[in-house]
Amino acid sequence: MSSATTQADREYPATRGLHLFAVFTAGATFLLIVAGALVTSRDAGLSVPDWPLSYGRLMPEMIGGVFYEHGHRMIAAFVGFLTIILAVWTWRADQRRWVRHLGWSALAAVIAQGLLGGLTVLFLLPTAVSVSHACLAQLFFSITVVLGLVTSRTWCEQGRRLAAPWPPSRPSLPVLCVTTNFVTFGQLLLGAALRHKGLGIIFHLIGAAAVAAMVFWVLARVAREHSGDAGIFSWALALNGLVMLQLLLGAGAYWIREVTRHAVQPLWPMVVITVGHVALGALILALGVVLTFQVHHRFGRQTSSSFEPEGVPATT
Amino acid sequence: MRFSRSVSGWMMAGLLVFSLACGGGEDAGEVADAPEMEEAVVTVDPAKAATITGKVKLEGDPPRMPTINMSAEPDCRGLHEAAPPAEVVVAPDGMLQNVFVWVKSGLEGKFAVSDTPAMLDQKGCIYSPHVLAVQTGQMLKISNSDPTTHNVHPLPKTNREWNRSQPAEGSDIEYKFPRQEIMIAVKCNIHPWMRSYISVVNHPFFAVSGADGSFEIKGLPAGSYTVEAVHERFGSQEMSVTLGDAESKDIEFSYNAS
């Protein structure tokens, strides 16, 4: 092993194996969100009346709605297992305290998520529990994505290479990004409340306008002040693209719900569009969080405030 | 990193606040029979009992009903190659089936609850009958004649919601609804096309229109009543009817398909 490699490895606070595993966990979590959305769209949430077992067994007959509900439970168990490994592995292999805490946060979130899933079945889909289950899923997905991001070698090397002065504009880009994430999460909450019949469409429409405005504001700010930073600009551009696509999917989901409201059973076009809308919502939140971390990674170290990852030597 | 921790903390707190704000309202109590009232049971002299007969008609072209796709359930697919849903069933002469008709108001006093259980069967992954009515406190027996598992899941607003699995040809589910409630949807989440409606009424004066759109409500005391017809798709209509002793009146409800 060359001395250069040794130096690089010493400055890489995670391991490549941990990074790949975190990315795999994030991918499995996205699949879990799709499976969960399928359960709701197929109206199969109560096809298995008991929990944690399914019809008193680990493996019931996978007929009709049971396929979706029990399939969701199986993927959830798998993701839970992955998250345990991820948390322990991060704790053992990553030198940064905050990343290790993030690993444990992921584990706490997946446990809470499993309990919420069980409660929503046992209490016949109460809106508050179902909405919390839906929103925590999005949050958990974002945590796994961030773990995948911050354990990458690129992230660690970028942090040293791209450090920049804190932007002078008010609100600053980092603050704007954090605010956008809160607005996006609020919109996911409103969407889940609409989907689980807790709120009307009007709140979700207002939320959609707010998210669109915020992501455009972020893009405008990046284009004006950081257009030379291809990393941030491409993330901001992608975020805007996804939000535009999401607006179209949202309109499509509303339209198809209306035209199929007398359908005798969930029709596949409706299922595909609504599941796509949920999945894209998860991706938008995750992408917004990734952009936020990228932005803070560049500018955070110029302040004493907070974003300094322990274990990574700052180079200025 | 304080930043990431504070972000996750705020999000968790938001979820908790939302849960608390929206929580509550679930009736988690055990199912109870209707509270016994100390009111005398009204008996109607058979010689004076009045009758309402009638028909329900659908004007215009009935909506085209798609066939049910039972591919998700091989045990039932063979029984119904192209089963239509029972939502809108119209006879060739335009008479509408599965309309719940009841005396909505005008009755006074308490009426005896029928000893005969009402029956709801699951056969070929379809509920039979599609629309059913029972009295509050009357026994409802739900059977499963299919070689597959169903879950029975009524979605009431004022009664308690419940969800029970019923294995293939398993024992009957027995239940008494304690409160009056019209057109409670009942569904099976395993087979999402399965849906029926149960109306729970405080008295025995109700009927469901048959294949020829006809209905009959008999044994009524003389009086002035509001009679309501309720269809799952076309909504409700009301009609005032005044009956004398032993009188029989024929009425007709008419829905518009458009």
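Me: Helices (H or I, at least four residues) and strands (E, at least two) here are DSSP runs, numbered from the N terminus. With that settled, which loop does B:Met65 lie in?
Reply: Bear in mind that this is a predicted model: local features need pLDDT of at least 70 and side-chain atom pairs 80 or more, while totals for chains, interfaces and linings use all residues. Residues are numbered from 1 along each chain as written, chains are lettered from A and ligands numbered from 1 in written order, and side-chain values use heavy atoms, without hydrogens or water. As for B:Met65, its place is the chain B loop between β2 (50-59) and α2 (74-77).

Me: Is B:Met65 buried or exposed, and what is its relative accessible area?
Reply: Buried means under 20% relative accessible area, exposed over 50%, and partly exposed in between (1.4 Å probe, protein chains only). B:Met65 counts as buried because its value is 17%.

Me: How far apart in space are B:Met65 and B:Val88, C-alpha to C-alpha?
Reply: Along the sequence, 23 residues separate B:Met65 from B:Val88. In space, the C-alpha to C-alpha distance between them is 7.4 Å.

Me: Let's do chain A. What does its secondary structure come to?
Reply: Read along the sequence, the pattern of chain A is α-α-α-α-α-α-α-α-α-α. Of its 316 residues, 53% count as buried. The tally for chain A is 10 helices and 0 strands.

Me: How far does helix α4 of chain A reach, and which residue just after it has a positive phi?
Reply: The expected span of a helix is 1.5 Å times one less than its number of residues. Helix α4 (residues 97-122) of chain A has 26 residues, and its first and last C-alpha atoms are 38 Å apart, close to the expected 38 Å. Just after α4(A), a positive phi of about 60° turns up at A:Leu124.

Me: And helix α5 of chain A: how many of its 24 residues are buried?
Reply: The 24 residues of α5(A) (127-150) should span 34 Å, and the end C-alpha atoms sit 35 Å apart, which agrees. Helix α5(A) is also mostly covered. The buried count for α5(A) is 22.

Me: Which peptide bonds are cis at A:Pro52 and B:Pro129?
Reply: A:Pro52 sits in the chain A loop between α2 (16-41) and α3 (64-93), and omega is about 10° for the bond that joins it to A:Trp51. B:Pro129 is in the chain B loop between β6 and β7 (131-135), and its cis bond has omega near 0°. The pairs are A:Trp51 with A:Pro52, and B:Ser128 with B:Pro129.

Me: What positive phi values do A:Tyr55 and B:Ala246 have?
Reply: A:Tyr55 belongs to the loop between α2 and α3 of chain A, while B:Ala246 is placed between β17 and β18 (248-256) of chain B. B:Ala246 counts as partly exposed because its relative accessibility is 45%. Neither is a glycine, yet phi is about 55° for A:Tyr55 and about 60° for B:Ala246.

Me: On to the mixed sheet in chain B: which strands stand at its edges?
Reply: Two strands pair if DSSP finds at least two bridges between them. This open sheet has 4 strands in the order β6-β5-β8-β11. Each edge strand has a single partner, so one side is left without a neighbour, and those strands are β6 (126-128) and β11 (173-175).

Me: Within that sheet, what stands opposite B:Ala118 in β8(B)?
Reply: Strand β5 (residues 118-123) and strand β8 (residues 140-144) of chain B run parallel, joined by 5 bridges. Opposite B:Ala118 is B:Leu140.

Me: Which strands are at the edges of the antiparallel sheet that includes β3 of chain B?
Reply: That open sheet has 4 strands, ordered β14-β3-β16-β17. Strand β3 (residues 100-105) joins β14(B) through 3 bridges, with B:Val101 opposite B:Ala207. A single partner strand is what the edge strands have, so each lacks a neighbour on one side: β14 (206-208) and β17 (235-243).

Me: Why is strand β12 of chain B largely enclosed, and what is the bridge partner of B:Ile184 in β13(B)?
Reply: Strand β12 (residues 181-187) has 6 of its 7 residues buried, so the rest of the structure largely encloses it. It pairs antiparallel with strand β9 (residues 150-155) over 3 bridges, where B:His153 partners B:Lys187. With strand β13 (residues 195-201), β12(B) makes 5 bridges, also antiparallel. There, the partner of B:Ile184 is B:Ile198.
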